[in-house]
Amino acid sequence: MERKLLGRWGEALAAEEYRRHGYKVVDTNVHSRFGEIDLILEKGGKMIFCEVKLRKDDHFAEAREFVNAAKQQKVVKTALFWAANTLGKECEMRFDVAEIYAPLGTATAKPIVHILENAFGTE
């Protein structure tokens, strides 16, 4: 349960970072038979699908490295499914990764949030 709460906290941090840069949060924690998307955002008519990765630090590996090819494929398929069922049409898409580093978990006073735009795509 604590892991789930920590994940939601990280997603909220990422969403706030996006809001500060003028993005609108459209949906969160979207599930399909293909996979899950943490955040769906919109800015300037483009839909942004974001995978959030929270780690204590990057000593072992950077958070983005945990979004492997299989995970990317699941996010892309879920995004296409979501767009078809929610928007009813194709849309311009971007796939981001939000890295969050919080050594003390939710007790971290100043977690580090990095938004990696165009972290992967449909090509």
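Which residues form one aromatic cluster? In this predicted model, the cluster consists of Phe 49, Trp 82, Phe 95 and Phe 120, and the sections below set out the sheet, the helices and the individual residues around these rings.

## The sheet

Five strands make up an open sheet with mixed pairing, and their order across the sheet is S1-S2-S3-S4-S5. Strand S1, residues 24-31, and strand S5, residues 112-120, are the edge strands, each of them pairing on one side only. When direction is ignored, neighbouring strands of this sheet are turned by 30° against each other on average. Strands of a sheet pair through backbone hydrogen bonds, in either a parallel or an antiparallel sense.

Both senses can be followed from strand S3. With S2, the pairing of S3 is antiparallel and runs over five bridges, and Ile 40 stands opposite Phe 49 in S3. S2 and S3 form a hairpin with two residues between them, and Gly 44 in the turn has a positive phi of about 60°. With strand S4 (residues 93-101), by contrast, strand S3 (residues 46-55) pairs in the parallel sense over nine bridges; here Ile 48 stands opposite Arg 94 in S4, while Met 47 stands opposite Met 93 in S4.

## Helices on the sheet

Helix H2, which covers residues 69-87, packs on the sheet and touches S1, S2, S3, S4 and S5, its direction making about 55° with that of S2. Helix H1, residues 2-20, also packs on the sheet, where it touches S1, strand S2 (36-43), S3, S4 and S5; the direction of H1 makes about 135° with that of S3.

One residue of helix H2 is Val 75, which has a relative accessible area of 0% and is therefore buried. Neighbours within four places in sequence aside, the contacts of Val 75 are Glu 36, Ile 37, Glu 51, Phe 95 and Phe 120, a list that includes two members of the aromatic cluster, Phe 95 and Phe 120. Along the chain, Val 75 and Gly 88 are 13 residues apart, and their C-alpha atoms are separated by 18 Å.

## Aromatic rings

The count of aromatic pairs in the model comes to five. One of them is formed by Phe 49 and Phe 95, which are stacked at 5.6 Å centre to centre with 25° between the planes. This pair links distant parts of the chain, since Phe 49 lies in strand S3 and Phe 95 in strand S4, 46 residues apart. Phe 49 and Phe 95 are both buried.

Why is the pair of Phe 95 and Phe 120 described as stacked? Its ring centres are 5.4 Å apart and its planes stand at 25°, so the pair is stacked, given that planes under 30 degrees apart count as such. Phe 95 in strand S4 and Phe 120 in strand S5 are 25 residues apart, and this pair, too, links distant parts of the chain. Phe 95 has a relative accessible area of 2% and is therefore buried, and Phe 120 counts as buried because its relative accessibility is 8%. Apart from these pairs, a charge is placed over a ring elsewhere: the charged end of Lys 43 sits over the ring of Tyr 23, 4.8 Å from its centre.

## Ile 37 and Ser 32

Ile 37 has its place in strand S2 and, because its relative accessibility is 1%, counts as buried. Residues up to four places away in sequence are not counted in its contacts, which are Thr 28, Asn 29, Val 30, Phe 49, Cys 50, Val 75, Thr 78 and Ala 79. Among these, Phe 49 belongs to the aromatic cluster and Val 75 lies in helix H2. Ile 37 and Trp 82 are 45 residues apart in sequence, whereas their C-alpha atoms are 9.6 Å apart in space.

Is Ser 32, in the loop between S1 and S2, buried or exposed? Its relative accessible area is 18%, so Ser 32 is buried, the cut-off for that class being under 20%. Leaving aside neighbours within four places in sequence, Ser 32 is in contact with Thr 78 and Phe 81. With Thr 78 there is also a polar contact, made between the two side chains at 3.2 Å.

Notes:
Residues are numbered from 1 along each chain as its sequence is written. This is a predicted model: local features need pLDDT of at least 70, side-chain atom pairs count only at pLDDT 80 or more; totals for chains, interfaces and linings use all residues. Side-chain values use heavy atoms; hydrogens and water are left out. Two strands pair if DSSP finds at least two bridges between them. Helices (H or I, at least four residues) and strands (E, at least two) are DSSP runs, numbered from the N terminus. Axes are lines fitted to C-alpha atoms, for helices over the stretch in contact, and angles run from 0 to 180 degrees between N-to-C directions. Contact means heavy atoms within 4.5 Å. Buried means under 20% relative accessible area, exposed over 50%, partly exposed in between (1.4 Å probe, protein chains only). Rings of Phe, Tyr and Trp (its six-membered ring) pair if their centres lie within 6.5 Å; planes under 30 degrees apart count as stacked, over 60 as edge-to-face and the rest as tilted. A charge sits over a ring if NZ of Lys or CZ of Arg is within 6 Å of the ring centre and within 35 degrees of the ring normal. A polar contact is a pair of N or O atoms within 3.5 Å; within protein, one must be able to donate a hydrogen and the other to accept it, and residues adjacent in sequence count only if both atoms are side-chain atoms.
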